[in-house]
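This briefing sets out selected features of the structure shown below, grouped by topic for reference at the bench.

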Amino acid sequence: MGNNIKKWFSIGSKRVVNESCDSDKPCSCKSEKTNDGFDQVLNAQTDRRNAIQKLTAGLLIGAGAVSSSCSVSKSDEAKEQSDLDWEEYFKGNYKLMTDEEKQNTVDRLTRSYELRTGKKINMSAAGPIDDVLYGYAFNISKCQGYMDCINACVEENNQDRESQMQYIRIHEIEKGSGIEFKNGDDTYYHEVPAANHFYIGTQCFHCDNPPCVEVCPVQATWKEKDGIVVIDYDWCIGCRYCMAACPYDGRRFNWKTPEVPEEEVNKNQHYLGNRLRKQGVMEKCTFCIQRSRNGKNPACVEACPTGARVFGNLLDPNSDIRWIIENKKVFRLKEELGTEPKFWYYMD
Amino acid sequence: MQRFLYIIIILTTLFSCKTEDPEKEYGSLHKRIEHKSEHYKPFYVQNNSEIEYDTVQVALDTVAAHHFGIPKRTSMVDSYPCNKCHAVSIDELKSKGGNFVTPKDKAHEGVTAKDCKSCHEYLKKSHWNISLNHADDNAMNCATCHNQDEMNNLSSLTNKNINFNNSYQICSQCHSTQFNEWKNGAHGKQLTGWGEPKVRQTCVGCHNPHDPAIKHRWPSRLNTQMIEQRDLE
């Protein structure tokens, strides 16, 4: 019944459907639209005010694009660039795209980068692997607080160098004071491990029941089939609701345009992962989606010199992570919230 | 009118109970994992790493088989095989004033010119700088792991030969807890990735066998911005 109702954003159709459901029970009706690309934007029902707003914005961009693509004085490359910009502007939500549309947008972004910098990148749109649910375990007895993982993460995921925005935090907490992050220090700089202290790392926990996804007003973030919570940076409007909703301080916001020196850019990218971001969008750990969907471990796991970090497939009964969960004493943070993080801590 | 109401109520109940998300029917993450892994098919990745490893199954435990490879060690040991230099036993060497090659051996029979470096490069430096910082004198000395009569292999506590590639068998003689965790994946490190075939770092890949403790050092980064922001607050 919801399929005929069209709104600007896919969330719009969900709201309409929700109203017709029993409000006491969790509503489960089909809420996603099937339109995509131009259809998602242009073939949608809206009110007059919104339509005029969108048209004005579209016209401004469009006028610019048209003027440069039809101009005789502009070079071919500039025209191609504005063609690409035009199509990118009107693309739909990545979540709703078909595989072909996903590949097209990745190709456009790759070409666009090549036109701008003259360098080639390798961007992937690889989907989840069947029979895979990623999980992570962190040994708090082993972590020594060297922060090698943070360095590896920053380099792998093309994070802004200047603002030192990082996905991973390593907290130094005094032994005996419990796991109270307010007593912890994540900016320590002294020889580690410090006497009588332990180290505990946090990042996005890829909850099975992620509150950040619930609150996103435009469905720019969602949980993939393999359990990774991802963000479409081109669909995110930067409202930071998800940042407020996350109980684990897992999400980061780009207050400025991230700057990565050209020679340090990791060219092995994924649309939902480490491709270069822009100002005003959310980002976070994606379990290095560009690596994990290739069978590799995330960069932090590979960089850890103590083996405190374990990554694996929860559906593989013989995997390391399964043995840890089933045989070690494990805990997760704020379990009482029911978020079901797929990130377990354990001790020797 | 009443019948109409009943129908509405029944319909509402029916529709509100219908769960669209199949993942929700399990109730908890653990139940879902348990159920979905019943028909698990392994995911194989191509090995693009430069790590040379044995795919030989490491299984000392007959109850649970542990299929994973471990990196080869012999190719990483300088000037292996050891008997290229250690032609005679240490005792014999000592009696001859410490020279590996006795005057009689200086004829270099059967040695070709390209082999010179195999001894001479290490002749002076050798590995005399090794000092043992592993357990105390009562528990360990060089001979706990090395047999002077059979330098190419390690030696177990009962003087059985153990290949350098299987050095974990030496460590596990004392460190049985760590060994149990290592073979199951709670200690140590995966090398090639999470997929099959699994390759795991060995004990000596992280711990120097002569000085196994992980050292204190400085963190590899200082977050000046975070300190600045915190001080502003």
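**Briefing: a sheet in chain A, and chain B with its contacts**

In this predicted model, chain A contains an open sheet of 4 strands in the order β10-β2-β12-β11, and the pairing is mixed. The edges of this sheet are β10 (309-313) and β11 (330-331) of chain A; each has a single partner strand, so one side of each is left without a neighbour in the sheet. The points below treat the sheet further, then turn to chain B and to the side of chain B that touches chain A.

**The sheet of chain A**

- Strands of a sheet pair through backbone hydrogen bonds, in either a parallel or an antiparallel sense.
- The pairing of β11(A) with strand β12 (residues 343-346) of chain A is antiparallel and extends over 2 bridges.
- Within β12(A), Y346(A) is the bridge partner of V330(A).
- Lying across β2 (134-139), β10, β11 and β12 of chain A is helix α11 (residues 320-327) of that chain, which runs at about 110° to β10(A).

**Chain B overall**

- Chain B has 9 helices and 4 strands.
- Read from the N terminus, the order of these elements in chain B is α-α-β-β-α-α-α-β-β-α-α-α-α.
- Chain B comprises 233 residues, of which 15% count as buried.
- Among contacts in chain B with a separation of 6 or more, 49% are between residues 24 or more positions apart.

**Helix α2 of chain B**

- The buried residues of α2(B) are L29(B), R32(B) and I33(B).
- In a view down the axis of α2(B), these buried residues fall within an arc of 100°, so they line one face of the helix.
- An α-helix has 3.6 residues a turn, so residues three or four places apart point the same way.
- K31(B) and H35(B) are exposed residues carried on the face of α2(B) that is turned away from its buried side.

**The side of chain B that touches chain A**

- In chain B, 39 residues are in contact with 46 residues of chain A.
- At least two residues of this side are supplied by each of α1 (2-17), α2 (29-36) and α9 (224-232) of chain B.
- The largest share of the side of chain B that touches chain A comes from α9(B), with 4 residues.
- Sorted by class, this side of chain B has 15 nonpolar, 15 polar and 9 charged residues.

Terms used:
Residues are numbered from 1 along each chain as its sequence is written. Chains are lettered from A and ligands numbered from 1 in the order in which they are written. This is a predicted model: local features need pLDDT of at least 70, side-chain atom pairs count only at pLDDT 80 or more; totals for chains, interfaces and linings use all residues. A residue is buried if 20 or more other C-beta atoms lie within 10 Å of its own, exposed if 12 or fewer, and partly exposed in between; C-beta atoms are placed from the backbone. Two residues are in contact if their C-beta atoms, placed from the backbone, lie within 7 Å. Ala, Val, Leu, Ile, Met, Phe, Trp, Tyr, Cys and Pro count as nonpolar, Asp, Glu, Lys and Arg as charged, and the others, Gly among them, as polar. Two strands pair if DSSP finds at least two bridges between them. Axes are lines fitted to C-alpha atoms, for helices over the stretch in contact, and angles run from 0 to 180 degrees between N-to-C directions. The arc is that of the directions from the helix axis to the C-beta atoms.
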